[in-house]
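Biologist: Let us go through this structure together. Please keep the answers short.

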Amino acid sequence: MLITPELDRRNRLLSFLFAGLAAIIGIGLAWISPWWILLALASPAIYVLARRNTKRRIRVASQPFPPAWRSALERHVQFYVALPKPDKRRFESLMQIFVDEVAITGIRTDVDDQTISLVAASAVIPIFGFEYWEYAGLGEVLIYPNRFGENFESSHPDTDHVLGMVGAGHLSGVMILSKPDLVAGFDISNDKRNVGIHEFSHLIDKADGSIDGIPATIPRDVVRPWIEWVGNELRSDATKLAPKRRHIDDYAFTNEAEYFAVLSEYFFESPSVLAAKAPQLYQMLEKIYRQDTRQRFRQVRRRRIGRNTPCPCGSGEKFKRCCRV
């Protein structure tokens, strides 16, 4: 979360109030026990502690943005390229704060500037439309050298199939991403697939306490139509969907949570296709994320899938005859 002048002022005021209250209580109760005076003496430390996170974020966001990170964004992240200059600076500041607060650790693989940039971009893209947002509880992102199994092992390349995962239980607060799939998610900017965005959308979904496909950011007027839409989709047989619905990856029909995550990838990767194929669905996601990604991408040259390439939606048709708009 970026610290605006208003947030800084509010934090300064609250810190002063907490410190002042501690001083008043300590002095007021000193007649009962002289030990209470220690609370009054500690009031400056209370002020410093209450201001610590805010001041750290201001300091981190004011530092120069690493040129290697910017180069990686310009090469790989279409969302960043589409932003006007002021929004690019905000995007960069959010990345800097994320990297400062969340460890990105390689497991039997190096974590280079490109990897750091793509992980942070995956985190920032879904929340860019929110004025205030934090991935509460996320402490570390583990980068695996390949896809991995359900038990987090990556020693069976022929059978390992997991691209990314939000940890639970003893791995609560941890996200795991396959490095090759993280990079591949940004290599083609309109293929509807991005494992980083997929996993961070799960965290947005989880912010209200459960990963259930109904994110905490959903406006009240969207809750009912979203639940009805997803329910109707999941009750359908994904293998027998009408042609107009084949543009959605089959994995979306696993459950409500995966439907939200897969459609989040779609919304940020191929918004024009989604808006053309399912305008009501696009409008609901636009309200959930408070972003109009279709409008944002319109004026930008994109790395496109070839006209005669098989469509990434899995329909079996050529791209020019299927999802190309």
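Biologist: For helix 6, what distance separates the end C-alpha atoms, and does it fit what is expected or conflict with it?
Modeller: This is a predicted model, so the values are computed from it. Helix 6 covers residues 85-101, which is 17 residues. At 1.5 Å a residue, helix 6 should span 24 Å. That agrees with the end C-alpha distance in the model, 25 Å.

Biologist: Which residues of helix 6 are buried?
Modeller: Buried means under 20% relative accessible area. In helix 6 the buried residues are Phe-91, Glu-92, Ser-93, Leu-94, Met-95, Gln-96, Ile-97 and Phe-98.

Biologist: What share of the protein chain counts as buried?
Modeller: The protein chain has 14 helices and four strands. It has 325 residues. The buried share is 47%.

Biologist: Which residues does the "transmembrane region" annotation cover, and how much of that stretch is helix?
Modeller: The annotation comes from an unreviewed UniProt entry and covers residues 12-29. In the model, the end C-alpha atoms of residues 12-29 are 26 Å apart. Strand makes up 0% of the stretch. Helix makes up 94%.

Biologist: Is Leu-13 buried, exposed or partly exposed?
Modeller: Leu-13 sits in helix 1, residues 5-28. Its relative accessible area is 44%. Buried means under 20% and exposed means over 50%. Leu-13 lies in between, so it is partly exposed.

Biologist: Which residues make the nonpolar surface patch with Leu-13?
Modeller: The patch has an area of about 520 Å². Besides Leu-13, it is made by Leu-14, Phe-16, Leu-17 and Phe-18.

Definitions and conventions: Residues are numbered from 1 along each chain as its sequence is written. This is a predicted model: local features need pLDDT of at least 70, side-chain atom pairs count only at pLDDT 80 or more; totals for chains, interfaces and linings use all residues. Side-chain values use heavy atoms; hydrogens and water are left out. UniProt positions are given in the numbering used here, feature names are shortened, and annotations may be inferred rather than shown by experiment. Helices (H or I, at least four residues) and strands (E, at least two) are DSSP runs, numbered from the N terminus. Patches are made of residues with over 30% relative accessible area and no salt bridge: like charges are joined within 9 Å, nonpolar side chains (Val, Leu, Ile, Met, Phe, Trp, Tyr) within 5 Å. Accessible areas come from the Shrake-Rupley method with a 1.4 Å probe; for residues, only the protein chains shown count as cover. A salt bridge is a side-chain nitrogen of Lys or Arg within 4 Å of a carboxyl oxygen of Asp or Glu. Buried means under 20% relative accessible area, exposed over 50%, partly exposed in between (1.4 Å probe, protein chains only). The expected span of a helix is 1.5 Å times one less than its number of residues.
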